[in-house]
Structure formats: structure tokens, C-alpha cells
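Student: I would like a close look at one part of this structure. Please take one residue as the point of entry, and then follow the neighbouring parts of the chain from there.

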Amino acid sequence: MLPTTSVSSRSQGNGALSPRDAARHTAGAKRYKYLRRLFHFRQMDFEFALWQMLYLFTSPQRVYRNFHYRKQTKDQWARDDPAFLVLLSIWLCVSTVGFGFVLDMGFFETIKLLLWVVFIDCVGVGLLIATLMWFISNKYLVKQQNRDYDVEWGYAFDVHLNAFYPLLVILHFIQLFFINYVIISDSVIGYFVGNTLWLIAIGYYIYVTFLGYSALPFLKNTAILLYPFALLLLLYLISLACGWNFTKMLCSFYKYRVK
């Protein structure tokens, strides 16, 4: 049986949680525990976080099976170890510095780019997407017979981080080797290679996001999260027909933002 402990199963005989259990399971208590561990590197399991990053490319289903195990043992779906977030931040910094080098940016321009990518592209957009998905999943995807269950906001943010990591590697690392010599050229092969990388990266984001919510046994109709694939493919075909170069547009935008 899947580890789906409900609120009622943890209650006392009178239907209420004990004060100790209630305090331990509040969102504030979980958030405090997570943030406290953020400043204790020795308590973080970086080896396991690296394992997750590897399998997010090769077999993301295995990553979400671990979330089931966490629910069973720690009674929460969201990560309680910030090691993955720390490693993702390091990847983000290194890849952004590489991006600034490829675009021939100066030191201060690269710092501005790094701040933009970290606080806007990753954190800002991540908070927005996680909150939106948290609301949609709890409002429309929870099964009627399981109203005692709900999607944790922290889990929604973890799903975003899981999906963002492959996108980051594809667009901010792999793509760097092709930008100056292939992608930003005015040839057909340039925008074909660049736009195809965007298709793969965003497609992977959609797929990993779908896996994250379909892993929750109390949600229904999660297949609708795959519907954006159709719009993505249509936009990709239109971009090839019109000669739009998404990477070139992104590079121009970044250079404009750091001026």
C-alpha cells in the first residue's frame, strides 16, 4: 500500500491531533527545520542529492519513488534536506558564469546576470509556478473521496526544482558549446539547433512536472499536465517556419538587462 497517511489516521480518539503532533506537522515547523539545516552542511546528504540529479536525467520516476518513502518514514512529501537546493544553486552560479563568458560580458555584467538568473529566473519564477500548481492541484485535482489529503506547497516547489534542473543543464550548459559557432548565426541550422534544445528542455520540464504530481496517489486527471506539449510543439514548428531564434533572443535580452 502506498504511504498516504491522512490527518484522521494521526488523530486522537476525539478526532484531534495531540499538541505535540500538531506542532510537528505544521507548515511553519517543517519550514523552520528545513531552513535550520540549510546552515549545517554536515547534516546534508550531498551524495543522495547528486544521485537525484543523475536520475532526473536517466530515470526521473526513481526520484519520485523516494518521495513516497519519505512520506512513509517522515510523514511529508516535500524534502527535509536542502542539499539538492544547495547543489542546484552551485550549478546555477557556475553555468551562469559560463554563460557570461560565452557572451563576452565583463565582471560586473556577469554579476548582474547571475543575480537576475538566481532571483528572477529560478527563485521568482519558481515561487510563482509552485504557488500556481499548488493552488490548481489542491483546487481541481484532489479526489473527492480524499479531501483529508492536500498537496504541500513545499512539495510543489520541489517538483519545480526537479524539473528546473534538467532545463538548466540543457540551456545553460550544453547549449553554451553551440552558441557562438552555431546557434546565433543567421543560418537555418543555427535556429534549428537552438530551438530544438529549447524544445527538449521545456519538454523535459513539463514531463518531470507531470511525474511529480502523478506520483501523488490522491490526485486525479494529472494527464492534463501533459497538454502543454501540444502548444510547445506547435510553437516550435512556427518558430522554424518563421526563422525565430529563441536563444538569440534570450542572449539579446540578457545583454540588455545587464547594461
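Student: Is N66 buried or exposed, and which residues is N66 in contact with once its neighbours within four places in sequence are left aside?

Tutor: In this predicted model, N66 is buried, because its relative accessible area is 16% and the buried class takes in values under 20%. The residue belongs to helix α4, which covers residues 60–74. With the neighbours within four places in sequence left aside, N66 is in contact with F48 and Q52.

Helix α4 leads on to a set of charged residues. By the rule applied here, the count for the model comes to 4 salt bridges. One of them joins the side chains of K71 and D75, with an N to O distance of 3.3 Å. K71 has a relative accessible area of 7% and is therefore buried. D75 is also classed as buried, because its relative accessibility is 10%. D75 is placed in the loop between α4 and α5. Its backbone deserves attention as well: D75 is not a glycine, although its phi is positive, at about 60°.

A further salt bridge pairs D80 with K74, and here the closest N and O atoms are 2.9 Å apart. The two partners differ in exposure: D80 is buried, with a relative accessible area of 6%, whereas K74 is partly exposed, at 43%. The side chains of D158 and R79 meet in another salt bridge, at 3.4 Å from N to O. This pair links distant parts of the chain, since D158 lies in helix α7 (residues 153–172) and R79 in the loop between α4 and α5, with their positions 79 residues apart along the chain. Both D158 and R79 are buried. In addition, R70, K74 and D80 are joined into one network by salt bridges that share partners.

Beyond the loop comes helix α5, which spans residues 83–102 and contains F101. F101 has a relative accessibility of 71% and so counts as exposed. Its C-alpha atom is separated by 9.6 Å from that of L176, although the two residues are 75 apart along the chain. The unreviewed UniProt entry annotates residues 83–102 as a transmembrane region, and the same annotation covers 114–136, 163–184, 196–219 and 225–247. In the model, the span 83–102 is 100% helix and 0% strand, and its end C-alpha atoms lie 29 Å apart. For residues 114–136 the corresponding distance is 31 Å, again with 100% helix and 0% strand.

Helix α6, residues 107–141, gives the most to a nonpolar surface patch, with 11 residues. The patch has an area of about 1,200 Å². It is made by F107, F108, I111, L115, F119, I120, V123, L127, W134, F135, Y140 and W153. Of these, F107 is found in helix α6, and F107 counts as exposed because its relative accessibility is 61%.

A second positive phi in a residue other than glycine occurs at N221, where the value is near 55°. N221 sits in the loop between α9 (188–214) and α10 (228–242). In contrast to D75, which is buried at 10% relative accessibility, N221 counts as exposed, at 53%.

These local features belong to a chain with 11 helices and 0 strands. Of its 259 residues, 44% count as buried. Among contacts between residues at least 6 apart in sequence, 74% join residues at least 24 apart. The chain exposes about 14,300 Å², and carbon and sulfur atoms supply 68% of that area.

Finally, a word on confidence. The chain averages a pLDDT of 85, and 83% of the residues score at least 70. Over residues 1–24, however, pLDDT stays under 50. The model has 30 contacts beyond four places in sequence for residues 1–24. Where pLDDT is low, the predicted coordinates should not be read in detail.

Conventions. Residues are numbered from 1 along each chain as its sequence is written. This is a predicted model: local features need pLDDT of at least 70, side-chain atom pairs count only at pLDDT 80 or more; totals for chains, interfaces and linings use all residues. Side-chain values use heavy atoms; hydrogens and water are left out. Helices (H or I, at least four residues) and strands (E, at least two) are DSSP runs, numbered from the N terminus. Buried means under 20% relative accessible area, exposed over 50%, partly exposed in between (1.4 Å probe, protein chains only). Contact means heavy atoms within 4.5 Å. Accessible areas come from the Shrake-Rupley method with a 1.4 Å probe; for residues, only the protein chains shown count as cover. UniProt positions are given in the numbering used here, feature names are shortened, and annotations may be inferred rather than shown by experiment. pLDDT is the predictor's confidence in each residue, from 0 to 100. Patches are made of residues with over 30% relative accessible area and no salt bridge: like charges are joined within 9 Å, nonpolar side chains (Val, Leu, Ile, Met, Phe, Trp, Tyr) within 5 Å.
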